[in-house]
Amino acid sequence: MKTSDKIARWAQKLGSSLKSMVKIAVQTRTCTVTRDATADEPLIIMGNGPSLNDTIRDHADSLAAHRLMAVNYAARAQQFYDLRPEYYVMIDPIFFTHLDHENVQELWHNLSTRVDWPMTIFLPARAKVPVDFSSHNNIRIRRINPVGVEGFDWVENAAFTAGRGMPRPRNVLIASLMVALKLGFRKIYIVGADHTWSKTLEVNEQNEVISIQPHFYKDNEAEHRHTASVYRGVHLHDIMMSFHVAFRSYFTIERYARHIGTDIYNATPGSFIDAFRRKPLPRP
């Protein structure tokens, strides 16, 4: 690498680091996630991709034998209550700002009435929760900071360790992995993380970008309407850049995980995530 390129890269890192420090000071609150893992027990993070159905069918024993983390709309599906995950991560703004959305209403109702096992929900530190769980016998709330931090490795490491930021959280899996690391797990497996988004992209004759991203549960008409509204006015290069941010964030997570001595494995068949080593789920 030329000297001029090295200087330019260093200057870019410096600028990103300074910007991140300002974001941390202005946008973050105290992270209330504490260590919860013991020994070398693994954690399985369940994304909401369509392949999760195959994993549930083919590896039910492994899922039943290990600690689980679910994400976003999973609590609308019956499988959530069959699997009884110990951890649940929700960061999409729709859960806190669109309380009139029928799927959001169903989600919060399910959490407040159907969870009859001990579970910790991780929510953005600045989000207002529409349901009071203080008297719930099984649910406890912990706060995280889904604030994107970039810059020198030492800046990122310090922010990640303190729970004051994470690699740019393009999606909930990024936040879930950072929560898992903060909980102290040293072996993390990912399932249901297909990330085959590029296969769903189309551009119609009106130059509108169409993206239908299937989940392991069946999306209803309300979800289709919301997805269409999100993509309205969004161009293909914007979507591609969003994909870039997500896949790059996984490489940052992998770097940080190795820094703290953690192994992250992708056990999702056909996943497009290329940052983590591939490995089947651990046996029961």
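Two strands count as paired if DSSP finds at least two bridges between them. In this predicted model, strand 6 (residues 187-191) and strand 9 (residues 263-266) clear that bar, with 4 bridges joining them, and they run parallel. Looking along this pairing, isoleucine 188 sits opposite isoleucine 264 of strand 9. Strand 9 also has a partner in strand 10 (residues 277-278): the two pair over 2 bridges, again in the parallel sense. Here tyrosine 265 faces arginine 277 of strand 10.

Now for the helices. Helix 7 and helix 10 have axes that come within 11 Å and cross at roughly 75 degrees. Angles of 65 to 115 degrees count as roughly perpendicular, so that is how helix 7 lies relative to helix 10. On the helix 7 side, the contact is made by Asp153, Glu156, Asn157, Phe160 and Thr161, while helix 10 brings in Thr252, Arg255, Tyr256 and His259. Sorted by class, this contact has 2 nonpolar, 4 polar and 3 charged residues.

Both helices turn up again at a pocket. The second largest pocket has a volume of about 360 Å³. It is lined by 15 residues, and those closest to its centre are Lys13, Glu150, Gly151, Glu156 and Arg248. Helix 1 (3-27), helix 7 (153-162) and helix 10 (236-259) each supply at least two residues of the lining. As for the make-up of that lining, it splits into 2 nonpolar, 5 polar and 8 charged residues. Glu156 plays a part in both pictures: it is among the residues closest to the pocket centre, and it is also one of the helix 7 residues in the contact with helix 10.

Note on methods. Residues numbered from 1 in each chain as written. Predicted model: local features only at pLDDT ≥ 70, side-chain atom pairs only at ≥ 80, totals over all residues. Heavy atoms only, no water. 1 Å grid on protein atoms, 1.4 Å probe; cavity = no way out; pocket = protein on both sides within 12 Å on 5 of 7 lines; lining within 4 Å. Points joined across faces, edges and corners; volume = space filled by probe spheres on them. Nonpolar A, V, L, I, M, F, W, Y, C, P; charged D, E, K, R; others polar. Axes fitted to C-alpha atoms, helices over the stretch in contact; angles between N-to-C directions. Parallel < 35°, antiparallel > 145°, perpendicular 65-115°, else oblique. Contact = heavy atoms within 4.5 Å.
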